Amino acid sequence: MSAVTSNIEAPAIGRDLGYKPFTIGKFRFERDEYFAHIFYPMGRHLVPIDAFLRALMRDVAWGFFYGTVNFDPVLGTVNHYGTVDLFMGLCNPGYREANRAYVETFDTKEIKATFEGMLDDWTNEGFDPFAAPDETGKPYGAKHGNNSKAVQRQRVVAKRMVGLPSDTGYRTDSNGYPVNRQFVDVPQDQPEVHAEPGFESEVHAFNLFGYLSRSDVTWNPSVCSVVKDSLMCPTTEENILPIFHGNDRVEWFIQACDEIIWEIEDGSSGKPRAKVIMKAGDVAAMPADIRHKGFSPKRSMLLVWENNDVSLPDRYRRGELKPYPAEF
Amino acid sequence: MSEYRTVFGSLSQYEKGGVEVIDDNPKYYVFSNVFEVASKSKPYEKICVGKNLKYVIEAVRAEGNSPWFSASHDEAALCMDGEIEVHFVKPEQPPVPETKEGSVKLTGEPQGQKMGWVKVRRGHMALLPKGSAYQFRSPKPGVLLIQTIQGENTVERWADICQTK
């Protein structure tokens, strides 16, 4: 399967607004002023361009994440860690039962290159798909400029812990990370660290909440501390998670401050299962067979906790592991 | 212009959310609150509030001096409330074999080189480096979350701490 980007063919939407069309397999993506148009062998699907770019940004930045990234109830990707399924209607019973679901599998590098190209070309100057809606401009209209700096941000992945020598660094005013407007009351004091000579790289502490208060992105879990395959991935959330994340393993949430309301649906059928209301100090598991979307009325801090063991998706799929983490 | 107020929790003041079931079992979400758990725990009990196979998140009520602990792997401690010191010693002999996972409670005071200490407050995260011995000291009650691996001191009492219906 080859990824092809082309600006030779006339766009099927009939007007040249300056955006490149993108083709991968039998999928073709085009954009106009307001929509992403996705053409596939069984039809055409439209997604509002702001929602599409916000979802695409997460899919690209997360490396297709753990499991399924549903852009909306029809379009999405499934990560097989080396290959990626690009689908229409796969997680939508209406599409499946009518035999309208369509899936193609691509090498991760190929679909990543296509998605990165699309994100870069389709993001106009002034629009940051990682920012909260209140913090950024509009994505609409004919092509005008770009925002490559925003869409090419690298996700933070600490090897051991943020701030250690040779590990990922701190966020400060001077390196371009001011405190967010909704976190101006978050204390910025640093812990006292008294390391004896020779132990400077082991006796270590930092202000995680202060670090998070300076995050310039939303809904982007970043690895901050590591215990073997246990990854603590804090993130700051505001407005709405731009995707429905379908789990392929159990994931945990610890609410550090403020409140997030999660809508939980069955991962396969989309049938509503629960709402989970999380306030400061609350801890909840996201079972391996659900999908979830979060709503954060005020910017909040969420500690997403992941098990990075590569064997897990197969073990859950085979039924070797139950989809929930504890029995009582 | 509105002023934003960030709401954190503490032992003395927290508000708990919950699972509103539509068609599900609330137990699947293993829902608890670290401040509630710590408010009902003995000092330095390591109560499991998150479990992902062998990996755990433990909620710990920090009050007074803890026993000395050690692990063969890194751990991380996040202070959720209070002001807590963590003191580190490099033991003369590794107190925990490489093959053993989870933290181990040491008997008495470890012999070895002092590595230093940190003092953390709410929101501060400290490394508990592999092979070190460490002790928490907290004159007043506080709350820690420990990112670690399930060990002999990890306490699971889900039915007591989690929403069941």
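Call a residue buried if 20 or more other C-beta atoms lie within 10 Å of its own, exposed if 12 or fewer, and partly exposed in between, with the C-beta atoms placed from the backbone. By that rule, buried residues make up 49% of the 328 residues in chain A. What you're looking at is a predicted model, where local features need pLDDT of at least 70 and side-chain atom pairs count only at pLDDT 80 or more, while totals for chains, interfaces and linings use all residues. Residues are numbered from 1 along each chain as its sequence is written, and chains are lettered from A in the order in which they are written.

Let's stay with chain A for a moment. Its C-alpha trace spans about 65 × 50 × 35 Å along the principal axes. The radius of gyration is 21 Å, which agrees with the value near 20 Å for a compact globule of 328 residues (taken over C-alpha atoms, with the globule rule being 2.2 Å times the number of residues to the power 0.38). Chain A has 6 helices and 19 strands; these are DSSP runs, H or I of at least four residues for helices and E of at least two for strands, numbered from the N terminus.

Now pick out helix α3 of chain A, residues 108-122. Its 15 residues should span 21 Å at 1.5 Å a residue, and the end C-alpha atoms are indeed 21 Å apart (the expected span is 1.5 Å times one less than the number of residues). Among the buried residues of α3(A) are Ile111(A), Phe115(A), Met118(A) and Trp122(A). An α-helix has 3.6 residues a turn, so residues three or four places apart point the same way.

On to the cores, each a set of buried Ala, Val, Leu, Ile, Met, Phe, Trp, Tyr and Cys residues joined through C-beta atoms within 7 Å. The largest nonpolar core has 99 residues, of which Val34(B), Val86(B) and Leu144(B) touch the most other members. Strand β11 of chain B, residues 133-149, gives the most to this core, with 8 residues. Apart from it lies another core, of 43 residues, including Phe29(A) and Val151(A).

Finally, the two chains meet. Contact here is C-beta atoms, placed from the backbone, within 7 Å, and it takes 61 residues from chain B and 57 residues from chain A. Strand β9 of chain B, residues 112-121, gives the most to chain B's side, with 8 residues. Strand β11 of chain A (residues 205-207) and strand β10 of chain B (residues 124-128) pair in the antiparallel sense over 3 bridges, pairing needing at least two bridges in DSSP. There, Phe206(A) stands opposite Met125(B).

Terms used:
Contact = placed C-beta atoms within 7 Å.
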